[in-house]
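Student: I am new to this structure and would be grateful for a close look at one chain and its surroundings. Please begin with the question that follows.

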Amino acid sequence: MTLRRRDFLKAMQTAAAAAAFSPLLTSCRGPDRPRSRVATAVPPPRGAPESWVVSTCGACPGGCGIRARLVAGRLVGIAGNPLHPVNRGGLCPLGISGAHAVYHPDRIRGPLRRSGGELRPTSWDEALSTLTARLRDLRQRGLSHTVALLDGTRGLSRDVAARFLGAYGSPNHLGGRPWNDVTATEAMRAMQGVETGAAYDLENARFILAFGSGWLEGAWSPVGAARAYGIARRGRKSGRVQVVQVEPRLSVSAAHADEWVPIQPGTDGVLALGLMHMVLREGLENRQFLDQWGFGFDWLRALVLRDYHPDAVSERTGVSVANIIRLARQFASTRPAVAVGDDRNGPGVQSVESGMAIHALNAVVGAVNSPGGVLTPPGVPLDPLPAFGSDERGARGRAAPPLGGGRADGPSALQAWLEGAGSYPVNLLVAYGSDPLAMLGGGERARVALRKVPFVVSFSAFLDDTARLADLVLPDHAWLERWQDDPTFTSRGFPVLGLRQPVLKPRHDTRHAAEVLAEVGRGVGGPVAEALPWRDFQEVMKLSARGIHRSGRGALFDVPEAEAWVETMERNGWRATNFGSFEEFWAGATARGGWWDPVYDFGERRRVLRTPSGKIDFGPLARSLDPRGTRKEPASAMARAPAAPSGYPLKLHLYPLLFAFGDDQGPLPLVQDLLGRELQESWSLWVEIGQSDARALGLEDGARVKVESEEGAVEARLKVYAGVQPGVAAMPVGPGGAPGQAWRRAMPGQAAALVGPRHGPTGSASAAGDAWVRIRRA
Amino acid sequence: MSPRPTARRAAANRRHPFAPSAAARSAAESRGPRARALLLAAFAAACTAEARQPIAYNHRVHVKDLEIGCETCHATSRNGEVAGIPTLSTCADCHQQANGTSSEEKKVVEAVAAGRDITWARLYELPSHVFFTHRRHVTVAAIACERCHGDMGSQTRPPPRQLVALSMDRCLECHRERGASQDCDACHR
Amino acid sequence: MNERPKAGPRWGMAIDLDRCTACQACSTACQMENNIPPPTPEAAAQRRAIRWMDLVPYLEGEFPRVKLRLLPRPCMHCDNPPCIKVCPVGATVKGQDGIVAQVYPRCIGCRYCTTACPYTVRYFNWYEPSWPGDLGQALNPDVSVRPKGVVEKCTFCHHRLQKARDLAAAEKRELGPGEYNTACAEACPTQAIVFGDLDDPHSEVARMTRSPRAFRLLEDLGTEPKVIYLREGEA
């Protein structure tokens, strides 16, 4: 139909008339109604009462302080708490999106129970009595050890879970995250005998040699690490820090380094030993430190000098000999220098052996327990919860062989056990702050393994992968709705206790998971009931916080200027506490966000070195490199390059995405969108290879491809990225998301399905660094 | 033909936010002229929509006779963003028992006794893209309430619509007069 | 509009790229503060996701000599803005304190301004904004919700300026330093983003603009941007 001039003019008139009535341009003489046409979202009314509540972010283990803004009872914004020493007002995207986690459409609204093959809503009474009955039954039949709990929480909720299992009679309190307590923490445990983990004093370092991925994007505390970086770059008088990043791909962290050293995946430890070799050859080691604080170094020295010549190291790692020599000199002659080996957020890319090698490198230049080096933060002086009694059943249960120990990669240990390594079945699994199915890749193999457990319970607030196959879901509050303690430390090694308090009432019919555990324990009866008398988690927090009050140390959070005051006072033996009675302490801590002790005593040798020798023990590393002690030929897996299985030519490098690790956040749309921004990717899984490899495979940027390993396969988008070296395929990894949720997690966990379960805390060759893949068009 | 029916009909043909949907309109049209007339009446009513208050509050008695200032009931008109509509407790100060014989007052006393908040209909509601605070205009600019709200103090019944029709033109006129900012972003957000 | 002699502040921003870690806290804080609807995968695929403060990647070179730079990029609030010149309805205006404002009720969605802006900081609402489930509960009451069909961009959180000025006027005093800060600068963990009055010689932002590392984007176009970057690397 042709448009005639008359029609056109008429249409214009009508349009003009319509526009005259456009809601935004006219005002009718009547009640002035809001003109917003957006029916789905209405801001709170004007002039509504406003308040701010101080709390601690619970989106990741970093423990930043937050202030939540509430208008008319609605959570409308989250900002950082400038008084909190970890973040001093800064935040990361996870914390900032906290309100979305509370109002998320995929939150579980009440307890669910599987019946007729589906999860159906049930009452708390029904749910808890079901669980209690099962637990009682298992205990009665002497099978209490067949109950396992995967625990991704920290602090007192972890203690409550430990008490529950201890009194109940199970040795199976497992870590809830696949990359929990590996590398630096394990290395310090082996070499120093301490459990607390590493604090990298980056603010005071002049040279940072970072191994592995994402220290600036993830690490122990994303905001803490970023803050220290900012200070070390431009925020101090002692000059700008030099950063060298050793990593298989050009990550965001590597992009911010002064130099990026590409390295073959999984060979960080080899390079560390190669650097150590050069430091020793050129006599640049800190001899005084090693004599005073090192034990068994001669053995290690002999091995390193013999087996880690730059030529061999260069061949293994792909780093040129010239660079190895130069880096070694830079590292050893710029004091203070520190090597960061904490790959905590990575899926075991580094083995513990690598972690020990990096820690030893630090020791060789005297960067352990010294300013600018690796510190051992003291714990928060909390009171331990009162001891609890036991009965015969409990004792027998606890004596059973443990499923993996509390320090292992829990989900992997569980999978290996269920796949046949175990000596008894797992009859009941509790996932607390943990999504094992997603963390194991969410694929068929993991599903088959977990289906062997007849009864699975999840405390998740969202329908994550594990909750979807669970038999019982007991949804926890969102982190903004609950009381919790958040013990952590700053990069300068100062212990911090952040307090998390509810900023608004729970939105749905959820309950605090630790309180639920206690109630179930009371239902089981006997010593379990005695071990868990508390109905209110705040009670538990107050009980243990009395220890801080009694210690007379530290101070409630205050402005940055107060830090120097507290430090000076304490160093001279005075108290600098800004609280009187315990009530004052508690009121002040909840109002300001928490307590800390800004003093690190470098002379506390006995606290920091708890090995039998009282020194840094190089034995475990030396033994690992030379297990038969033959001193004849290298036997460590690190020294030999594993051969690529035929048909799988590309070495796989899995790297963690910072923001994919939010604890019970659910997929957050703003976070989903920003993942992969540096590559202009988002919302779906991708695999990165270099230009030359892409050309050789005949694939172009954006092609849909299939990535296959001997363990599994995934589909992904191909990204041709100049920041990936030839022969390497890099993929992001994070907990997966099930279809049907409002937003999928950007990185379905399938990438983790490409590597097998990692075995045990000291497993080395089984680390993901030795996975191989092939890529072809899908 | 007299102008009014034409204007009404022309108005009925145009899309208006308060108008019934096209579907309802066509349904009415198919039922004949009577239905159409009713619909037009409804439309007219919607266009000149009136606010109906639950209680016929008499401003004059309170403001002129009892000399209660605006701020006593509209508590945040001096220091807040909005003027505020009185809460039940404000009314309860005087109306625990009936002070007169008015049937409207009886409704208030009942509400006070039951602790039931009175849901007043709003007459003034600015769109979300406007930034306006009473504080700035009442306290800083010292503008009398009557300037924008009209002589509410003399009203014996709640007016069905704003006494002074607020529009952006009116605001700008006053801003020009008094030398206040006329930048778009002073008031738009 | 209303040209009065310039006595007031001139708001600007400095971003130290040597402190920035590209964490995107600034982007997210901006989205939450300004009621920007969360993007969907479909919108993102069409590059229609709205991010007033965006992290722009620049990749140069080939392996192993590769350089990846990541630049947080808000609206430049140019002193000589091209967008204002092309707007047919006066929906975008520069206020007397230097903020380039967007007046949503006037905007007709012609998108001339998005084309005219050389920094691509302007975003068009291609979709009706929606907040699935209850996410709309978290809307900031101080910022309007834009309908489909209008252009929006970074406002230097000027709703916060409105509130701060209102408070200062009620208390009969001038606006104090630090009373008005943008959401991005507030959230930044490394304090890489600094906001303030460029005309106050003692302000942190003015000090940063005097750094030998300072540069501005596309300076040769004559737009006079008021966002100054400090180059990473040694001074």
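Over which residues of chain A does pLDDT stay under 50 near the 700s, and how many contacts beyond four places in sequence does the model have for them?

Tutor: The model is predicted, and the stretch in question is residues 736-741 of chain A, where pLDDT stays under 50 and the model has 18 contacts beyond four places in sequence. Where pLDDT is low, the predicted coordinates should not be read in detail. A second stretch of chain A, residues 344-349, also has a pLDDT below 50, and the model gives this stretch 38 contacts beyond near neighbours in sequence. For chain A as a whole, the mean pLDDT is 86, and 85% of the residues reach 70 or more.

Let us turn to a pair of helices in chain A. Two packed helices are described by the angle between their axes and the distance between the axes. Helix α12 of chain A covers residues 310-317 and helix α13 of chain A covers residues 321-333; they pack at an angle of about 110 degrees, with axes 9 Å apart. The two helices, α12(A) and α13(A), are therefore roughly perpendicular to each other. Their crossing is right-handed. On the α12(A) side, A:P310, A:D311, A:V313 and A:S314 take part, and they meet A:V321, A:I324 and A:I325 of α13(A). By class, this contact has five nonpolar residues, one polar residue and one charged residue.

Beyond α13 of chain A, the loop that leads to β13 (337-340) holds A:P336. The peptide bond between A:R335 and A:P336 is cis, with omega at about -5 degrees. Chain C offers another cis peptide bond, between C:F63 and C:P64, also with omega of about -5 degrees. C:P64 is placed in the loop between β2 and β3 of chain C. A further backbone feature of chain C is C:K172, a residue other than glycine with a positive phi near 55 degrees. C:K172 lies in the loop between α5 and α6 of chain C. Most residues other than glycine have a negative phi, and most peptide bonds are trans.

Chain A also contains an open sheet of seven strands in the order β5-β4-β17-β16-β15-β6-β7, with mixed pairing. Its edge strands are β5 (118-121) and β7 (173-175), each of which pairs on one side only. Within the sheet, β15 (residues 428-432) and β16 (residues 455-458) of chain A run parallel and are joined by four bridges. A:L429 stands opposite A:V456 in β16(A). Helix α5 of chain A, residues 156-168, lies across β6 (147-151), β7 and β15 of chain A, and runs at about 170 degrees to β6(A).

Finally, the chains meet one another. The contact between chains C and A takes 54 residues from chain C and 60 residues from chain A. On the side of chain C that touches chain A, α1 (25-33), α2 (41-45), β2 (54-62), β3 (65-73) and α6 (183-187) of chain C each supply at least two residues. The largest share of that side, seven residues, comes from α1(C). By class, the side has 32 nonpolar, 13 polar and nine charged residues. Chain C also touches chain B: 20 residues of chain C are in contact with 15 residues of chain B. Here helix α5 of chain C, residues 158-170, gives the most to the chain C side, with six residues. That side has 11 nonpolar, seven polar and two charged residues.

Key. Residues numbered from 1 in each chain as written. Chains lettered and ligands numbered in written order. Predicted model: local features only at pLDDT ≥ 70, side-chain atom pairs only at ≥ 80, totals over all residues. Axes fitted to C-alpha atoms, helices over the stretch in contact; angles between N-to-C directions. Parallel < 35°, antiparallel > 145°, perpendicular 65-115°, else oblique. Left-handed = near helix turned anticlockwise from the far one by under 90°. Contact = placed C-beta atoms within 7 Å. Nonpolar A, V, L, I, M, F, W, Y, C, P; charged D, E, K, R; others polar. Pairing = 2+ DSSP bridges. pLDDT = per-residue confidence, 0-100.
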